[in-house]
Amino acid sequence: MKGCFLRGMLWTGMFSFTSVVSSAGVNNENPMGWDQRLRVEAATDVNPDPNIVEVYLTAQETEVEILPGVMTTVWAYNGQVPGPRIEAKVGDTLIVHLTNHLPQGTSIHWHGVELPAEMDGSNLAQHAVPPGESFTYEFKVLNAATHWYHPHFRANEQTDLGLAGPLIFRDPEEEAALELAGLPDSTELTLVLDDMLLDEAGQPVAFATEELELAKAHRTLHPKEIAEQIVNGREGNILLVNGQKLPTLLVRQGVPQRFRIINVANGRFMRLSIPGHTLYRIGGDGGLLKEAIPIPPIDQIEDPGDPSRSISNPDPEVGLLLAPSERADIVFTPSRQRGQTLYLEWHDFPRGRHRILTDSVGNVTAFGDEKTDGKTPPRKLLRIRVVGKTPPISALNLPSPLPRSKHSPLMDIRGLVDLSNTGQGIPENTGQALPVFFGHGMPQPSGAINFFAAVQERKGLLDAIRTKTAEVALSNGRPVEGKVGPPPFGPRPFSAVELSTALDLTIGEVRFWEVVNFTGADHPFHMHGFFFQPIETVFVNFGDETAGIPSNIKTVTYPLENKDSIRIPARPGILGKSWTITRLAIQFDDSARAESPLGLMRTHAELGASGKEAGGTGTGFPNPGDSGGWVFHCHINEHGDQGMMSFFNLVAP
Ligand SMILES: [Cu+2]
């Protein structure tokens, strides 16, 4: 990136300090070539203006060597998996020229970025860029944080095949303050975590989610495999760090390392640990936290189902957990001596994987309990070799509070929402509350499964919850009332949503989402274009008196943080008698963003439905002050693509 960072500039503010063992002095650097085997190469900035970053990305099929001696056919930006690292500083203008050489339409969604609606890249913001054509994205960089970019058409297939890249927005003052605290930016590394599902020939296994692909897939996948990919999210058999299987990083003992970690996997939750080391999480989706959060390594416990073996501690609160699309900014200091090797490990936990039951001819009949859920042994992601001369050990002082870009301050908006009307375990549709219901139906014999994210008022559903009979309302996973799509539900209800029936919100207002999860699995909720601040998750269980299962309600709260993606935990009990409600405070304010110069969003809305890839029909956004339509969805890409996605219109007051 361009621009000169203000080295050594004093960070003004009152700090206390958290001491972490580390080194100090001239050796506070990593060994020569420390990251050369796994660094994601940066995109070339072709613009000489120091305040404009302008890059070209070409999406096309290519071959890469993931397994030794095997060329795997992938889809890549500029031939790289992951895509080139794009860096810019707050205040810059970022211009990206996308050229599509894929065999199908594509777009780029700038995940976590505050930008004008028409630059968002969602299937609501634009039509897919057809094969052979180009599209230019342009927006101003407002928030310093670790983001990423990926397609938003057939995201399950395109992202999984390799189209995902890191997007790092920096604030030089923030970086200088961290450097002053003893955290050298020369040891910062971006880690893009992913997995790929490869067959015996080292090629990607067929995808099972698009209608077209579903038909095709029947020649290559059994209905059971189709249903598994869809309901559990596609989990790969090869784990990748920056596109490589178990790459090696070189470090010195006592020299603190900063990792910007991005989980770009379709369905794999990245639960991370470095044995013998505490990780300090200093930031996440929306930039730096107020305070570093220490995260001890994940311990092994006796498997309650089989005392002869051990499993990773099943409590997801233990260790660093990144649901698909989440990011973490962590610091840790290698304490091992020269010649020793550490590993960044992936750990399993029970996230609600379903087992698929079939009949004698292979048709899918039902879901069953997945007894291995959460019990996969730990796997190594990254080798960390301690090499070079060991420097003297002193202390790294992480300031408290952590420095934070004045351009994107962390303002607590959770106090601006009124939770007094919320029944603790009952979602409401009054006042500031915006209930969103996540659910899905039973599998069809073909393996297809319908998902939904229902956003409109669902009085019947709310009443059913109040009377603890939600299973009646959720007949085959469909809300019995509502305006989302004409029956029968197709595999892609999102395409049937009409703009005129979407939720209307007003620019500037503060609301809270109540994301209600009826399912037995975790789902990562992702909001486009706006940060939210997680307040709490309420685990509601009305039990089953006849089976002796007691009722209970448990509430988990969250630290102050700006986020765009969050794990929505599974229901704690049986279907219809239990659910979770995750409450997120959010201010729908995009008034600081550049006016849309083209009015593309309004144009698209007026174009109306143009096949399933368009957002839908409606009157659009006639007022030039309107923001546009914004989507939110589950970021297990198979779920989002199958309908666990909805949107709202943001209009001028
Ligand atoms: Cu999901």
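Q: What makes the pair of Thr 146 and Arg 260 a polar contact in this predicted model?
A: The side chains of Thr 146 and Arg 260 approach to 2.8 Å. A polar contact requires N or O atoms within 3.5 Å, and the 2.8 Å pair therefore qualifies.

Q: Why is Thr 146 called buried?
A: Thr 146 has a relative accessible area of 2%. Buried means under 20%, so the term applies to Thr 146. The residue lies in strand β8, which spans residues 145-150. Beyond four places in sequence, Thr 146 touches Leu 167, Ile 168, Arg 260, Ile 262, Asp 285, Arg 327 and Asp 329.

Q: What makes the pair of Asp 285 and Arg 327 a salt bridge?
A: The N to O distance between the side chains of Asp 285 and Arg 327 is 3.6 Å. The cut-off for a salt bridge is 4 Å, so the pair is counted. Asp 285 lies in the loop between β15 and β16 and Arg 327 in strand β20 (residues 327-332), so the salt bridge ties together parts 42 residues apart in sequence.

Q: How do you know whether Asp 285 and Arg 327 are buried or exposed?
A: The relative accessible area of Asp 285 is 0%, and that of Arg 327 is 1%. Buried means under 20%; therefore Asp 285 and Arg 327 both count as buried.

Q: What makes Glu 561 and Arg 281 a salt bridge, and which parts of the chain does the pair link?
A: The closest N and O atoms of Glu 561 and Arg 281 are 2.8 Å apart, and the limit is 4 Å. The pair links distant parts of the chain, with Glu 561 in the loop between β32 (552-557) and β33 (565-568) and Arg 281 in strand β15, 280 residues apart. Both residues are buried.

Q: Why is Lys 375 called partly exposed, and what is the class of Asp 303?
A: Lys 375 has a relative accessible area of 25%. Partly exposed covers the range between 20% and 50%, so Lys 375 belongs there. Asp 303, at 1%, is buried. The side chains of Lys 375 and Asp 303 meet in a salt bridge at 3.1 Å, N to O. Lys 375 is in the loop between β23 (364-369) and β24 (379-386), while Asp 303 is in strand β17 (residues 300-303), 72 residues away.

Q: Which residues are linked in a network of salt bridges?
A: The network links Arg 85, Glu 87, Arg 170, Glu 175, Glu 188, Arg 258, Arg 260 and Asp 329. The structure holds 32 salt bridges. Glu 175 also appears among the buried residues of helix α2 (residues 172-180). The cover over the buried residues of α2 includes β4, β9, β10, β13, β15 and β16.

Q: What makes His 523, Cys 634 and His 639 donors of the copper ion?
A: The copper ion is coordinated by His 523 (ND1), Cys 634 (SG) and His 639 (ND1) at 2.0 to 2.1 Å. Donors are N, O and S atoms within 2.8 Å of the metal, so these atoms qualify. Along the chain, the donors follow the spacing H-x110-C-x4-H. His 523 lies in strand β30 (residues 523-527) and His 639 in helix α9 (residues 637-641), so the pair ties together parts 116 residues apart in sequence.

Q: How do you know whether His 523 and His 639 are buried or exposed?
A: His 523 has a relative accessible area of 1%, and His 639 stands at 0%. The limit for buried is under 20%; therefore His 523 and His 639 are both buried.

Note on methods. Residues are numbered from 1 along each chain as its sequence is written. This is a predicted model: local features need pLDDT of at least 70, side-chain atom pairs count only at pLDDT 80 or more; totals for chains, interfaces and linings use all residues. Side-chain values use heavy atoms; hydrogens and water are left out. Helices (H or I, at least four residues) and strands (E, at least two) are DSSP runs, numbered from the N terminus. Buried means under 20% relative accessible area, exposed over 50%, partly exposed in between (1.4 Å probe, protein chains only). A polar contact is a pair of N or O atoms within 3.5 Å; within protein, one must be able to donate a hydrogen and the other to accept it, and residues adjacent in sequence count only if both atoms are side-chain atoms. Contact means heavy atoms within 4.5 Å. Donors are N, O and S atoms within 2.8 Å of the metal (3.2 Å for Na, K and Ca); water is not among the atoms, so sites may look incomplete.
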